[in-house]
Amino acid sequence: MTYDLVSGEVVITATEFKAKCLDLLDRVNSGAVTKVHITKRGKAAAVLVAPEAAVKEPWDPHSMFGSMKGSLIIDPSIDLEKPIYEQVFGTTVEADMGLDDPDYDLRMGLREE
């Protein structure tokens, strides 16, 4: 039997698996071993893994994905289909920057005089 410490996988012959079957089943279900590769005459015969239900980890409330769910409340008076800047500040970005002036040349950034 060979055991890989990094991946947690075991490679074992079928004869040796028969002798250690119950112990390996307990180790796989506890998570101490992730996979057991069973060989017969040097060729892969089977792979033993834990059931999917036991492998899935529960949702971590401090994980990155979904951690902010339900924490943002949008004011119902804000229409998300219109520019938010105008709704919040009452003016446009162009007006604040002075770009709505008809004499302003957008290509050169200069005012014609």
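Reader: Why is Arg-27 called partly exposed?

Author: Arg-27 has a relative accessible area of 26%, and the scale calls a residue buried under 20%, exposed over 50% and partly exposed in between, with a 1.4 Å probe and protein chains only, so Arg-27 is partly exposed. This is a predicted model, in which local features need pLDDT of at least 70 and side-chain atom pairs count only at pLDDT 80 or more, while totals for chains, interfaces and linings use all residues. Residues are numbered from 1 along each chain as its sequence is written, and side-chain values use heavy atoms, with hydrogens and water left out.

Reader: What makes the contact of Arg-27 and Asp-23 a salt bridge?

Author: The term asks for a side-chain nitrogen of Lys or Arg within 4 Å of a carboxyl oxygen of Asp or Glu, and the N to O distance between the side chains of Arg-27 and Asp-23 is 3.8 Å, so the pair is called a salt bridge. Both residues lie in helix H1, four residues apart, about one turn of the helix, where a helix is a DSSP run of H or I with at least four residues, a strand is a run of E with at least two, and both are numbered from the N terminus. Asp-23, at 43% relative accessibility, also counts as partly exposed.

Reader: How many salt bridges does the rule give, and what distance is found for Lys-20 and Glu-16?

Author: The count comes to two, and the side chains of Lys-20 and Glu-16 meet at 3.0 Å, N to O. Lys-20 and Glu-16 are four residues apart in helix H1, which means that about one helical turn separates them. Lys-20 is partly exposed at 32%, and Glu-16 is partly exposed at 23%.

Reader: Why are S2 and S3 said to pair, and in which sense?

Author: Two strands pair if DSSP finds at least two bridges between them, and S2 and strand S3 (residues 35-40) are joined over five bridges in the parallel sense, so the requirement is met. One position in this pairing has Glu-9 opposite Lys-35 in S3. From S2 the chain crosses through helix H1 (residues 14-30) to S3, in a β-α-β crossover that is right-handed, a word used if, with the strands pointing away from the viewer, the path from the first strand over the helix to the second runs clockwise.

Reader: What is the order of the strands in the sheet, and which strands stand at its edges?

Author: The open sheet of four strands has the order S1-S2-S3-S4, with mixed pairing. S1 and strand S4 (43-49) are at the edges, each with a single partner strand, so one side of each has no neighbour in the sheet. From one strand to the next the twist averages 20°, with axes fitted as lines to C-alpha atoms, for helices over the stretch in contact, and angles running from 0 to 180 degrees between N-to-C directions. Strand S1 (residues 2-4) pairs with S2 in the antiparallel sense over three bridges, and Asp-4 has Glu-9 as its bridge partner in S2. S3 and S4 also run antiparallel, joined by six bridges, and the partner of His-37 in S4 is Val-47. H1 packs on the sheet and touches S1, S2, S3 and S4, its direction making about 155° with that of S2, where contact means heavy atoms within 4.5 Å.

Reader: Which side chains of S2 are buried, and which are not?

Author: Along S2 (residues 9-13), Val-10 and Ile-12 point to one face and are buried, whereas Glu-9, Val-11 and Thr-13 point to the other and are not. In a regular strand, side chains alternate between the two faces of the sheet.

Reader: What makes Thr-39 count as buried?

Author: Thr-39, placed in strand S3, has a relative accessible area of 18%, which is under the cut-off and therefore earns the word buried. Apart from its neighbours within four places in sequence, Thr-39 is in contact with Val-11, Ile-12, Thr-13, Ala-14, Ala-44 and Ala-45. In the chain as a whole, buried residues make up 12% of the 113 residues.
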